[in-house]
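Here is a note for a colleague who is meeting this structure for the first time. Please read it with the sequence and the model open side by side.

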Amino acid sequence: MPDQPDPATPPALRAVLQKFWGYDSLLPMQAAAMGCVLASRDSVVVLPTGGGKSLCFQAPALCLDGLAVVVSPLISLMKDQIDALQGCGVAAAGMHSMVTAAEGQRIAAAIRAGELRLLYLAPERLVQERTLAFLQGVKISLFAIDEAHCISAWGHDFRPEYRQLRRLKETFPGVAVHAYTATATARVRQDIAEQLGLVKPAILVGPVDRPNLVYKVRRRANRLSQIREVLDRHAGESGIVYCITRKDVDKTCLALSEAGYRVRPYHAGLADEERRRNQDDFIREKVEIIVATVAFGMGIDKSNVRYVIHAGMPKSLEHYQQESGRAGRDGLPAECCLFYSGQDFMTWKLMLTNMPAEAQAGALAALGAMHGFCAGVSCRHRALVEYFGEKHKGAACDACDVCLGELDLVAEPLIIAQKILSCVVRLQQRFGGEYTAMVLGGSTDQRIVKQKHDALSTWGILAKENKRAIRDWIEQLVEQGFLAKVGEFAVLQVTDTGRCLLKGELAPRLLQPAKNAPARAKVEVDSWEGVDRALFEALRQLRREIAQTRNVAAYIIFGDATLRDMVRRRPATMEEFLQVKGVGQQKRDDYGQQFLARIAGFCSGKPDAAAPASR
Ligand code: ADP
């Protein structure tokens, strides 16, 4: 939720925010981060995806004298921010390989004339002698380093070219440098400051939690129908489906398009041209769904991704946070659904064997934590936040499957758990979870019959229970330490605490998937309050038309949050249009007439709807 307008926000900054962005409040930590920029104090700012990092330097840059130089690792990221700035009426440009020589000269001339306010560059371009010499002849207001974790070898995305950025402080000692990143541990933050040679930097760390994301985790049963269930809940909305392998991407994409969904694949095995086209179709909203490996995402700033599905488990919570974090950048509710199986764990584990030995232990621990999260029975927001070393405030988040009560607690967990552990003992602790679940469920699979396990007293002892639920309980018992997976084949063994459970001294918590329909999170219900869906769709359609004519991403025209505010307010005049959150002067002039006409048309076609919806 945005902070209240901060009385300490300098009037000039407030005026800039209102004029160019149409914002009258700041998100958490933005005021402090902007304060550093205005005071020319070096800073390292850690804010989660969607936390509004770019505004932290863009808005103050317009209050300072001179040119703000922004370092960004990817052309797509630069283009996105430049398009967005230009859309708001801010003079911004980028120097990269897609810029022609003639354009480059025009940009240089604009810089010399003091007309350009923000210049975007890749790090390797910025540190070229030619560029540094050129910039030394210009008044520079600040340096902003985006994706700053790339400078640290401790981070998850180290880029050697970022290392050269230490030259900035050497060459421009009087100019403040500000580093921005979404994920940085204390060690990485320190490393960023040191590598850049920052002077007494302010280290600002925003909250890790993303309360607008609704996390749901399920054991994978019928992959396609589980995916379709989520897609159908979000018909017409943009979303990403992540798969672990390229083969899974192709298979899922084909199956979904045969079922009538508008999807595109994305993975490193596709030709560059096709990959780019598919990405553009998604960003411009020609298709709603992209099925991708993790190759997709870096450089995608699309703000209105309403859901991210993981059809397989990622290899760490760092990856999960980053990938699921691509949902709901606009602050509106979005769903993150993760479907996992023990097989995913084994797949990743096998891949880890190719890593150097010293890296393997850490990677395995990260994989274990990821799996623990999946099989976990406590609030997902809490689990994530605590993993990243923060305290979680509040008891129930009301925005995850556990807190929403989608997963029921089993009535007699001790009896069920004792049956499971007894079966593990009867199987002489020599079999994995899948096999044990089959024996408990009374399967007559030929392997079971051949080994005479159908003659065990524990065979079929849980035959009345749901087969997937039995498998889930085994994982939950592992997560709670009553069972352990041992060796290469993850054979189940009863632990010391497990023996206490067998004696009835300890009871576990077991969950089973609820039979009722998925609950709707409060954040989701609230965000649609007073919003007429039909009008919202009509305005979305107009946004899509304009985006196609102007050849930019749809969310560059207006974000979903702005469209919803527009639907609530139903402005009838240009003056009222400017009141909509996210409408600055430039956008009022560019799109006001078209949107007002569409709203008026809608209201006259539906006389009942003419009055503003109650707020
Ligand atoms: P980040 O780079 O931290 O992931 P962005 O800079 O892309 O975040 O901003 C995320 C979204 O939040 C964008 O849609 C942006 O327009 C919006 N936003 C940023 N600051 C504000 C604000 N003060 N009020 C309302 N919306 C904001």
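The points below go through the two sheets and then the ligand site.

1. Before anything else, please keep in mind that this is a predicted model, and that the values quoted in the following points are computed from it.

2. One sheet is built from 7 strands, which form an open arrangement in the order 3-4-2-5-6-1-7 with parallel pairing. Strand 3 (92-95) and strand 7 (202-205) take the edge positions, and because each has a single partner strand, one side of each is left without a neighbour in the sheet. On average, and ignoring direction, neighbouring strands of this sheet are turned by 20° against each other.

3. At the edge formed by strand 3, the link to strand 4 (residues 118-121) consists of 4 bridges, and the two strands run parallel. To find this pairing in the model, the reader may start from Ala-92, which stands opposite Leu-118 in strand 4.

4. Two helices that pack on this sheet deserve a look together. Helix 2 (residues 30-38) touches strand 1 (43-46), strand 5 (140-145), strand 6 (177-181) and strand 7, and its direction makes about 160° with that of strand 7. Helix 10 (residues 186-196) likewise touches strand 1, strand 5, strand 6 and strand 7, while its direction makes about 150° with that of strand 6.

5. A further open sheet contains 6 strands in the order 8-13-12-9-11-10, and here the pairing is parallel. Its edges are held by strand 8 (213-219) and strand 10 (263-266), each of which has a single partner strand, so one side of each is left without a neighbour in the sheet. For neighbouring strands of this sheet, the average turn against each other, direction ignored, is 15°.

6. Within that sheet, strand 12 (residues 305-310) and strand 13 (residues 334-340) run parallel and are joined by 4 bridges. One residue to select here is Val-308, whose bridge partner in strand 13 is Cys-336.

7. Helices also lie across the strands of this sheet. Helix 12 (residues 246-258) lies across strand 10 and strand 11 (289-292), and runs at about 175° to strand 10, whereas helix 16 (residues 357-375) lies across strand 8 and strand 13, running at about 105° to strand 13.

8. Which residues are the closest to the ligand? Of the 15 residues that surround the ligand, the closest are Tyr-23, Gly-50, Lys-53, Ser-54 and Arg-329. The shell divides into 5 nonpolar, 8 polar and 2 charged residues, and its largest share, 3 residues, comes from helix 3 (residues 53-61).

9. Several atom pairs can be checked directly at this site. A polar side-chain atom of Tyr-23 lies 2.6 Å from an oxygen atom of the ligand, while a backbone N or O atom of Ser-25 lies 2.9 Å from a ligand nitrogen atom. For Gly-51, a backbone N or O atom is placed 3.3 Å from an oxygen atom of the ligand. Taken on its own, the ligand has 560 Å² of accessible area, of which the protein covers 82%.

Technical notes. Residues are numbered from 1 along each chain as its sequence is written. This is a predicted model: local features need pLDDT of at least 70, side-chain atom pairs count only at pLDDT 80 or more; totals for chains, interfaces and linings use all residues. Side-chain values use heavy atoms; hydrogens and water are left out. A residue is near a molecule or strand if one of its heavy atoms lies within 4 Å of it. A polar contact is a pair of N or O atoms within 3.5 Å; within protein, one must be able to donate a hydrogen and the other to accept it, and residues adjacent in sequence count only if both atoms are side-chain atoms. Accessible areas come from the Shrake-Rupley method with a 1.4 Å probe; for residues, only the protein chains shown count as cover. Ala, Val, Leu, Ile, Met, Phe, Trp, Tyr, Cys and Pro count as nonpolar, Asp, Glu, Lys and Arg as charged, and the others, Gly among them, as polar. Two strands pair if DSSP finds at least two bridges between them. Axes are lines fitted to C-alpha atoms, for helices over the stretch in contact, and angles run from 0 to 180 degrees between N-to-C directions. Contact means heavy atoms within 4.5 Å.
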